[in-house]
Amino acid sequence: EQKGSDRKPGGGSVASAYPSNLNARDMALFLAFPTLVYQTSYPRTERIRKRWLAKRVGELLVCVALMSVIAEQFVVPTLKRSTVPVLSFDVLQIITAIMKLSVPNVYLWLF
């Protein structure tokens with residue numbers, strides 16, 4: 001290891017004191033891997049766990065598929081039916097459309 005290097009043998013960066021830890025590299029890492037609290041040293045594994053990664057990609061695909069089904073089955077038809085009441089300022093029909101959109105909207109936000 002070179003003298004003065006800010007890298008640990010395991011590959012992570014050494015935690016440095018504020019304000020010297022605010023540099024472009026650490027901020028780019030924070031943007032790529034957001035956490036609740038900014039930190040300069042992140043726990044990492046030595047290798048890519050392929051099974052874990054495949055599971056997360058599968059979960060992502062299932063969530064995107066469910067979101068697409070919810071949007072196509074519930075949101076799009078309601079929006080298409082609500083264009084006429086919005087243009088004619090029919091308040092009761094607008095409120096009904098908003099209420100019909102509320103439940104699918106909650107499910108979309110949960111996914």
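This is a dialogue on how to read the features of a predicted protein model.

Visitor: Which secondary structure elements does the protein chain contain, and in what pattern do they follow one another?

Guide: The secondary structure of this predicted model comes to four helices and zero strands. Read along the sequence, the pattern is α-α-α-α. Among these helices are α2, which spans residues 50–81, and α4, which spans residues 91–110. Helix α3 covers residues 83–87.

Visitor: How much of the protein chain counts as buried?

Guide: Of its 111 residues, 14% count as buried. The protein chain exposes about 9400 Å², and carbon and sulfur atoms supply 68% of that area.

Visitor: Which residues can serve as examples of buried positions, and what are they in contact with?

Guide: Let us take one residue from α2 and one from α4. Thr78 has its place in helix α2. Thr78 counts as buried because its relative accessibility is 7%, and buried means under 20%. Leaving aside neighbours within four places in sequence, Thr78 is in contact with Ala97, Lys100 and Leu101.

The second example is Pro104, which lies in helix α4. Its relative accessibility is 7%, so Pro104 also counts as buried. With neighbours within four places in sequence left aside, the contacts of Pro104 are with Ile70, Phe74 and Val75.

Visitor: How does one compare separation along the chain with separation in space?

Guide: One sets the number of residues between two positions beside the distance of their C-alpha atoms. Pro104 and Met67 are 37 residues apart along the chain, and their C-alpha atoms are separated by 9.3 Å. For Asn105 and Ile70, the separation is 35 residues along the chain and 8.9 Å between the C-alpha atoms. Asn105 lies in helix α4, and a relative accessible area of 38% makes Asn105 partly exposed.

Visitor: What share of the contacts in the protein chain joins residues 24 or more positions apart?

Guide: Such residues account for 36% of the contacts with a separation of 6 or more.

Visitor: Let us turn to the surface. Which residues form a nonpolar patch there?

Guide: The patch is formed by Val62, Leu66, Met67, Val103, Val106, Tyr107, Leu110 and Phe111, which together have about 740 Å² of accessible area. Helices α2 and α4 are the elements that give two or more residues to the patch. The largest share, four residues, comes from α4.

Visitor: Where do Tyr107 and Phe111 lie, and is each of them buried or partly exposed?

Guide: Tyr107 is found in helix α4, whereas Phe111 has its place in the segment after α4. Tyr107 counts as partly exposed because its relative accessibility is 45%. Phe111 is partly exposed too, with a relative accessible area of 41%. Tyr107 also shows how residues distant in number may be compared in space: Tyr107 and Met67 are 40 residues apart in sequence and 8.1 Å apart, C-alpha to C-alpha.

Visitor: How is a pair of aromatic rings described, and how many such pairs are found here?

Guide: A pair of aromatic rings is described by the distance of the centres and the angle of the planes. A search of the whole structure finds zero aromatic pairs. A ring may also be considered together with a charged side chain. Here Arg49 lies over the face of Trp52, at 5.2 Å from the ring centre.

Visitor: What should one look for in a salt bridge?

Guide: Side chains of opposite charge can pair when their charged atoms come close. In this structure the count comes to one salt bridge. The side chains of Glu59 and Arg56 meet in it, at 3.3 Å from N to O. Both residues lie in helix α2, three residues apart, which is about one turn of the helix. Glu59 counts as partly exposed at 37% relative accessibility, and Arg56 counts as partly exposed at 31%.

Visitor: Which residue has a positive phi although it is not a glycine?

Guide: That residue is Phe89, with a phi of about 55°. Phe89 lies in the loop between α3 and α4.

Visitor: Why does Phe89 count as exposed?

Guide: Phe89 counts as exposed because its relative accessibility is 68%, and the term applies over 50%.

How values were computed
Residues numbered from 1 in each chain as written. Predicted model: local features only at pLDDT ≥ 70, side-chain atom pairs only at ≥ 80, totals over all residues. Heavy atoms only, no water. Patch = residues over 30% accessible without salt bridge, like charges linked within 9 Å, V, L, I, M, F, W, Y side chains within 5 Å. Areas by Shrake-Rupley, 256 points an atom, 1.4 Å probe, with all protein chains shown as cover. Salt bridge = Lys/Arg side-chain N within 4 Å of Asp/Glu carboxyl O. Buried < 20%, exposed > 50% of the residue type's maximum accessible area, 1.4 Å probe, protein only. Phe/Tyr/Trp six-rings, centres within 6.5 Å; stacked < 30°, edge-to-face > 60°. Lys NZ or Arg CZ within 6 Å of the ring centre and 35° of its normal. Contact = heavy atoms within 4.5 Å.
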